[in-house]
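Here are my notes after a pass through the model, mostly on charges, surface patches and backbone oddities. Have the structure open while you read.

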Amino acid sequence: MRIHHVTPYVIAYSDPNDFANRRMTTLVRVETVDGVVGWGEGIAMWPEACKATATIIEALGDLLVEAGEIDVQGAWERMRAHCWWYGEGGIACFAYSALDMALWDIAGKLEGKPLHALLSDHARASLPAYASSHVNKATIEDCVAEVVGFQQQGFGGVKLGFAKKGLSNIGRNPDTDIAFIRALREAVGRSFEIIVDAGNGVKWDAATAISTVRRMAEHEIGWIEEPFYPSFIEDYRALKAAVDVPIGTGEREWTVSGYRRLIETGTVDVLGVDPSRAEGVTGFRMVDALCAASGVTINAHAWSTAILTAASLHLSLASRTARLFELKPFPVVVQNELVDVPIWHAGGEVRAPDAPGLGIAVNEAVLERLAL
């Protein structure tokens with residue numbers, strides 16, 4: 001392919017999955033000399049980071065235009081090499097992750113194949129759909145009722161972010177957390193999986209985490225995600241040795257080499273990987289290979305626009321280790337209006353679009369409306 005033009009967009013929107021908080025991200029439109037368009041995302045989130053990401057995308061876009069004929073792997077290597085001084089993690093990763101995603105979208109369109117078929121001959125047709133949302137209702141009863149609603153929508157499980165912005169105090173007191181999990185399990189039954197995402201809201205020391213996760217395990221949680229700050233490896237070791245519950249982490253990692261080091265600690269069972277952050281589609285594939293070799297489950301962190309959702313879904317279907325796919329259970333403009341056909345589930349299973357590349361058509365009028 002030969003790149004003709006690269007255009008970054010910083011957008012902002014209100015997300016009901018996050019108590020209507022304002023969220024931001026950086027999108028990119030890449031067009032070849034033959035008029036083929038690809039879309040990508042770098043989920044930089046904060047205003048200054050999104051703007052910086054857009055600036056780096058422009059510079060890397062010039063690099064790709066100057067390169068002439070190039071394939072996706074060659075482009076990925078060229079962008080990483082260009083960012084050698086400031087690119088081992090950080091904002092550069094957002095930028096070339098977005099561009100790499102867009103180039104894979106173009107590659108699929110040039111081959112006439114959906115991305116999952118381009119990436120793998122053994123891609124699955126679907127994955128179980130899980131609702132992924134923050135816990136932010138005022139009472140335990142209301143929080144439980146909301147999850148029961150997800151179950152009634154056909155989701156096979158839920159991942160719940162604790163201690164987020166909102167009305168709930170869940171995630172701030174272990175006894176309250178256990179009371180919620182107990183009530184939730186009683187309401188949804190045994191077959192509905194409950195995943196707890198402690199994230200950056202819960203502040204546990206190792207002893208508190210061990211005690212709390214053991215008590216949660218009595219009510220059959222699927223895994224505990226981000227129970228500590230990512231670099232607190234010794235706390236992860238202590239928890240891993242003390243509980244039988246799988247441990248998830250990794251969504252704030254940047255690079256393939258960083259994921260390799262994390263896997264080598266032996267503390268992680270489920271690795272959260274975001275292709276709009278962690279070196280793109282190319283990086284996700286390389287991390288997925290590390291997971292397969294190490295017996296670790298990969299789980300796409302796809303909590304942003306439909307562009308990221310599409311890329312993550314194709315990658316998950318092409319993976320040998322992914323076992324579920326998360327969807328936002330409430331309508332949001334960047335999922336339901338940004339693309340022609342929103343990605344959703346049917347009968348609790350989610351399938352990727354069949355069209356070539358990412359399989360989505362971006363509504364550029366909506367994009368312009370959200371752009372800053």
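**Notes on charges, patches and backbone**

1. Let me start with Arg369, which is exposed, with a relative accessible area of 52%. Keep in mind that this is a predicted model. Arg369 forms a salt bridge with Glu337, and the closest N and O atoms are 3.1 Å apart. The two partners come from distant parts of the chain, 32 residues apart: Arg369 is in helix 13 (residues 364–370), while Glu337 is in the loop between helix 12 and strand 12 (345–346). Glu337 is partly exposed, at a relative accessible area of 39%. The cut-off for exposed is over 50%, so Arg369 with its 52% counts as exposed, whereas Glu337 with 39% does not.

2. That pair belongs to a wider set, as the structure holds 16 salt bridges. One to look at is Asp15 with Lys328, where the closest N and O atoms are 2.3 Å apart. Here the link spans 313 residues, from Asp15 in strand 1 (residues 3–15) to Lys328 in the loop between strand 11 (325–327) and helix 12 (333–336). Are these two buried or exposed? Both Asp15 and Lys328 are buried. They also have company: Asp15, Asp18, Arg23 and Lys328 are linked in a network of salt bridges.

3. Now to a helix-to-helix case. Asp175 forms a salt bridge with Arg215, with 3.0 Å between the closest N and O atoms. Asp175 sits in helix 6 (residues 174–188) and Arg215 in helix 7 (residues 206–217), so this bridge ties together parts that are 40 residues apart in sequence. Both ends are partly exposed: Asp175 has a relative accessible area of 48%, and Arg215 has 27%.

4. Glu279 deserves a careful look. You'll find Glu279 in the loop between strand 9 (270–273) and helix 10 (280–294), and this residue is buried, with a relative accessible area of 0%. What does the Glu279 side chain make a polar contact with? The partner is the side chain of Arg80, at 2.5 Å. On the backbone side, phi of Glu279 is near 70 degrees, a positive value in a residue other than glycine. I flag this because most residues other than glycine have a negative phi.

5. Ala163 goes on the list for a related reason. Phi of Ala163 is near 55 degrees, again positive in a residue other than glycine. Ala163 lies in the loop between strand 5 (157–161) and helix 6, and is buried, with a relative accessible area of 10%. I'd check the backbone at Ala163 and at Glu279 by eye.

6. Turning to the surface, a negative patch is formed by Asp34, Glu69, Asp71 and Glu77. Where is Asp34 placed? Asp34 is in the loop between strand 2 (21–32) and strand 3 (37–42). This residue is exposed, with a relative accessible area of 68%.

7. Last, a nonpolar patch. Trp84, Trp85 and Tyr86 make a nonpolar surface patch of about 480 Å². Trp85 is found in the loop between helix 2 (72–82) and helix 3 (91–111). With a relative accessible area of 70%, Trp85 is exposed.

Key:
Residues are numbered from 1 along each chain as its sequence is written. This is a predicted model: local features need pLDDT of at least 70, side-chain atom pairs count only at pLDDT 80 or more; totals for chains, interfaces and linings use all residues. Side-chain values use heavy atoms; hydrogens and water are left out. Patches are made of residues with over 30% relative accessible area and no salt bridge: like charges are joined within 9 Å, nonpolar side chains (Val, Leu, Ile, Met, Phe, Trp, Tyr) within 5 Å. Accessible areas come from the Shrake-Rupley method with a 1.4 Å probe; for residues, only the protein chains shown count as cover. A salt bridge is a side-chain nitrogen of Lys or Arg within 4 Å of a carboxyl oxygen of Asp or Glu. Lys and Arg count as positive and Asp and Glu as negative; His and the chain ends are not counted. The place of a charge is taken as NZ of Lys, CZ of Arg, CG of Asp or CD of Glu. Helices (H or I, at least four residues) and strands (E, at least two) are DSSP runs, numbered from the N terminus. Buried means under 20% relative accessible area, exposed over 50%, partly exposed in between (1.4 Å probe, protein chains only). A polar contact is a pair of N or O atoms within 3.5 Å; within protein, one must be able to donate a hydrogen and the other to accept it, and residues adjacent in sequence count only if both atoms are side-chain atoms.
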